[in-house]
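Work through the exercises below with the sequence and the 3D view side by side, and try each task before you read its solution.

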Amino acid sequence: MPNNQSFAVVGAGIIGAAVARELTLRFPGSAVTVFEKEAEPAAHQTGHNSGVVHAGLYYEPGGLKARLCRRGVTLLQEFCTNHELPYEECGKIVVALDEVEERRLQDIYARATANGVPGVRLLDQAGIREIEPNAVGRAALHSPHTAIVDYAKVTRALVDEVTAAGGAVRMGTEVLRVTNTASGATVHTRAGGQAFDLVVVCSGLQSDRLAKASDAADEPSIVPFFGQYFVLEAAYRQHVKGLIYPVPDPKYPFLGVHLTKRIDGEMMVGPNAFLSFSREIYRGLGINPKDSLEVAANPGFWKFAARNLPTAVREIQSVVSKGRFLREAQKYVPSLADADATRATRGIRAQAMTRDGALVDDFVIQHQGRVTHIRNAPSPGATSSLAIAEHIVEAAIQEHSLTSAPPAG
């Protein structure tokens, strides 16, 4: 195996860590360097999400999301088993409250079946009570193998594998741009430039900025949306056994409030979804002038906003009123009527958007010479992370005729 090749990964979230590990597996003995501007891995989206391992219910059959989600579940479960990381198949029900939602549920069931999601079945009211005794609804879809993990712990374990294989992880090192050269690519930091044979940029909330600074495509741009979670008080923790989700409304771009068991046993309610005035501030008003002005100058955002005023009204009500937020959850679990909850640290989602204001739904991976930019990796990005890494590294091997070890498994 060649041992003189060098690779760089920008970003130590779960996808960046997974790509770096995949490179050490496929190119044993070569130099792999991870650049991360924060002091710790998983500092942003990876460390601020619900921890759900999605089974692949909603995604367009044959699309990148559907394929990589199903492969990602298998790889993630194997990784957690091998590293003795907690992985709990608590199951999930998607609940229809009326006849319209029940028809949508049939469509979700068809997609889930086409995607090969194991064990999915439709439930009537009695079936709902069998799975979730405190839940109500007209009908539901049950996904018994939907699971929960701690993605930050998974990311740290991936980084540990990279360093154990001889890779370098440069925390506190911000990448300013990445440029192609005749035979590779150069990563530019404040300390200067460093040449590599291949660079993969997994910069999440900063993906559009770094891509543009690197002379990649202008689109898609990132518009940040925050999601606020609440943690139910301990006395109500056992009222829900697994995950309870609403049926998505295709008129609205976000899912709506749901109940999510956490790997530490806590029960979360959320998230809502509303425009964030920063990309990386998770407390208080969370206002960053540069980030806010960038959104205001984005014509695509205003086109999106004009089409989604009802959503904005609904979501701002849940942002300002904890009571209204909890009442949404009580539609599915009436026994939570007297429950209280405390705010958890919010998450901020890197929502990719086109110039005409359309939200980009599928994964977007752009190749530019010896540089690969991951421009959009929304949910189920964390679930799919190990499969995304396989996909990217295999594409690079084919594109650039790189010599590698055969893939594991």
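**Exercise 1. Find what includes the cover of the buried residues of α7, and then describe the two sides of this helix.**

Solution. What covers the buried residues of α7 includes α6 (207–213), β14 (221–227), β19 (274–275) and α8 (299–307), where helices (H or I, at least four residues) and strands (E, at least two) are DSSP runs, numbered from the N terminus. Before going further, note that this is a predicted model, in which local features need pLDDT of at least 70 and side-chain atom pairs count only at pLDDT 80 or more, while totals for chains, interfaces and linings use all residues. Residues are numbered from 1 along each chain as its sequence is written, and side-chain values use heavy atoms, with hydrogens and water left out.

Next, look for the residues of helix α7 (residues 289–296) that are buried, namely Asp291, Ser292 and Val295; buried means under 20% relative accessible area, exposed over 50%, and partly exposed in between (1.4 Å probe, protein chains only). These residues lie on the same side of α7 because they cover an arc of only 100° around the axis, the arc being that of the directions from the helix axis to the C-beta atoms. On the face of α7 turned away from the buried side, you find the exposed residues Pro289, Lys290 and Leu293.

**Exercise 2. Which residues are linked with Asp291 in a network of salt bridges?**

Solution. Begin with the term: a salt bridge is a side-chain nitrogen of Lys or Arg within 4 Å of a carboxyl oxygen of Asp or Glu. A search of the whole structure finds 21 salt bridges. In the network, Asp291 is linked with Asp208, Arg209, Arg279 and Glu294.

**Exercise 3. Locate the salt bridge between glutamate 394 and arginine 26, and state whether each residue is buried or partly exposed.**

Solution. The side chains of glutamate 394 and arginine 26 meet at 3.0 Å, N to O. Glutamate 394 belongs to helix α11 (residues 385–400) and arginine 26 to helix α1 (residues 14–26), so that the pair links distant parts of the chain, 368 residues apart. Glutamate 394 counts as partly exposed at 28% relative accessibility, whereas arginine 26, at 5%, counts as buried.

**Exercise 4. What parts does the salt bridge between aspartate 249 and arginine 104 tie together?**

Solution. The closest N and O atoms of aspartate 249 and arginine 104 are 3.6 Å apart. Aspartate 249 lies in the loop between β16 (243–246) and β17 (258–261) and arginine 104 in helix α3 (residues 99–114), so the pair ties together parts 145 residues apart in sequence. Aspartate 249 is buried, with a relative accessible area of 17%.

Methods
Contact = heavy atoms within 4.5 Å.
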